[in-house]
Amino acid sequence: TSTRRIIVHESIISEIKTELAKAYSQLKIGNPLDESNHVGPLIDVDAVNQYNSALNQIKDQGGKLIVEGGVLLGDDYKSGCYVKPAIAEIKNEASIVQTETFAPILYVIEYKGEVQNAIEIMNDVKQGLSSSIMTKNLKESEIFLSASGSDCGIANVNIGTSGAEIGGAFGGEKETGGGRESGSDAWKVYMRRQTNTINYSSELALAQGINFDL
């Protein structure tokens, strides 16, 4: 559930891009067993190829790289699966944004006007696992959590999209699936559901109001 898209209002997007680039410059990439590192390797060479392909598609589809990516080389990266996290500014309708790439690429997308416009952009993808809104406006947060808000299985307010709250049901919607695990749904996996109707009266009620003269 790592964050894949950041949808930012036009009034603050310049500041956000600067701060994101500053944060990414401090990332340490290396052996995931070393707790001082922030980013480990991709799962295999195929994932690296998909990462490189995504970077090329970003440029081909009108995007601009705010933080350049690339494959890391050297004695500490012999597997060939260590890559640099990248940030790209691009339109949401770009096909690469609509595609889920399992690699550290963050898309920055600008929106204008009211928060509903940002929610519309957010929902306009085929995936729907986790989402989050950062706001000081109570009305915006309520809209985000309402039926007309986020269409994801997880919707957070003022906390990131990563992970899931302990005790909360985990799962997504749309192409991310419709099931849930953990939380209140966890025990249902081990149960056989049965519907019971019990009549405690001394009369036998027949269906649809049927009566017999007996």
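So, where is the place of Gln50? Gln50 sits in helix α2. I'd like to start there and walk you through the rest. One thing before we go on: this is a predicted model, so please keep that in mind throughout.

Okay, Gln50. This residue is partly exposed, with a relative accessible area of 45%. Now look across to Thr101: the two are 51 residues apart along the chain, yet their C-alpha atoms are separated by 7.1 Å.

Let's stay with α2 and go inside. The largest nonpolar core has 23 residues. Which of them touch the most other members? Those are Ile58, Ile96 and Tyr107. Several elements each supply at least two residues of this core: α2, covering 45–60, then β5 at 86–89, α3 at 95–98, β6 at 105–111 and α4 at 115–123. Helix α2 gives the most, with six residues.

Let me zoom in on Tyr107. If you skip residues up to four places away in sequence, Tyr107 touches Arg4, Arg5, Ile6, Ile58, Ala88, Ile90, Ile96 and Val97. You'll recognise Ile58 and Ile96 in there, the other two residues I just named with Tyr107 for touching the most core members. There is also another core, lying apart from the big one, and that one has seven residues, including Val8, Leu20, Ile87 and Val108.

Next, helix α4. Which residues are buried in α4? Val115, Ala118, Ile119, Ile121, Met122 and Asn123 are. And what do they pack against? The buried residues of α4 pack against β1, which is 5–9, and against β6, β8, α5 and β10.

One of those partners, β8, runs over residues 130–133 and holds Ser131. Is Ser131 buried or exposed? Its relative accessible area is 3%, so Ser131 counts as buried. Leaving out neighbours within four places in sequence, Ser131 is in contact with Met122, Phe144, Ser150, Cys152, Ile154, Ala155, Asn156 and Thr161. Met122 is one of the buried α4 residues from a moment ago.

Cys152 brings me to the cysteines. How many disulfides does a search of the whole structure find? Zero. As a reminder, a disulfide is a covalent bond between the sulfur atoms of two cysteines. Two cysteines to look at here are Cys81, buried with a relative accessible area of 7%, and Cys152, buried too at 16%.

Now for charges. Side chains of opposite charge can pair when their charged atoms come close. In this model the count comes to two salt bridges. One joins the side chains of Glu89 and Lys17, at 2.8 Å from N to O. This pair links distant parts of the chain: Glu89 is in strand β5, Lys17 is in helix α1, residues 13–24, and the two are 72 residues apart. Lys17 counts as partly exposed, at 22% relative accessibility.

There's also Asp151 with Lys174, where the closest N and O atoms are 2.8 Å apart. Again, distant parts of the chain get linked: Asp151 is in the loop between α5 (138–145) and β9 (154–157), Lys174 is in strand β10, and 23 residues separate them. Asp151 is partly exposed, with a relative accessible area of 26%, and Lys174 is partly exposed as well, at 35%.

Hold on to Lys174 for a second, as its backbone deserves a look. Lys174 has a positive phi of about 55 degrees, although it is not a glycine. Asn158 also has a positive phi, near 60 degrees, and is likewise a residue other than glycine. You'll find Asn158 in the loop between β9 and β10, and at 45% relative accessibility it counts as partly exposed.

Last stop, the surface. Which residues form a nonpolar patch there? Leu204, Leu206, Ile210, Phe212 and Leu214 do, with about 640 Å² of accessible area together. Take Leu206 as an example: you'll find it in the segment after β10, the strand at 173–174. Leu206 is partly exposed, with a relative accessible area of 36%.

That's my tour. Happy to turn the model around on screen if anyone wants another look.

Technical notes:
Residues are numbered from 1 along each chain as its sequence is written. This is a predicted model: local features need pLDDT of at least 70, side-chain atom pairs count only at pLDDT 80 or more; totals for chains, interfaces and linings use all residues. Side-chain values use heavy atoms; hydrogens and water are left out. A nonpolar core is a set of buried Ala, Val, Leu, Ile, Met, Phe, Trp, Tyr and Cys residues joined through side-chain atoms within 4.5 Å. Buried means under 20% relative accessible area, exposed over 50%, partly exposed in between (1.4 Å probe, protein chains only). Helices (H or I, at least four residues) and strands (E, at least two) are DSSP runs, numbered from the N terminus. Contact means heavy atoms within 4.5 Å. Patches are made of residues with over 30% relative accessible area and no salt bridge: like charges are joined within 9 Å, nonpolar side chains (Val, Leu, Ile, Met, Phe, Trp, Tyr) within 5 Å. Accessible areas come from the Shrake-Rupley method with a 1.4 Å probe; for residues, only the protein chains shown count as cover. A salt bridge is a side-chain nitrogen of Lys or Arg within 4 Å of a carboxyl oxygen of Asp or Glu. A disulfide is a pair of cysteine sulfur atoms within 2.5 Å.
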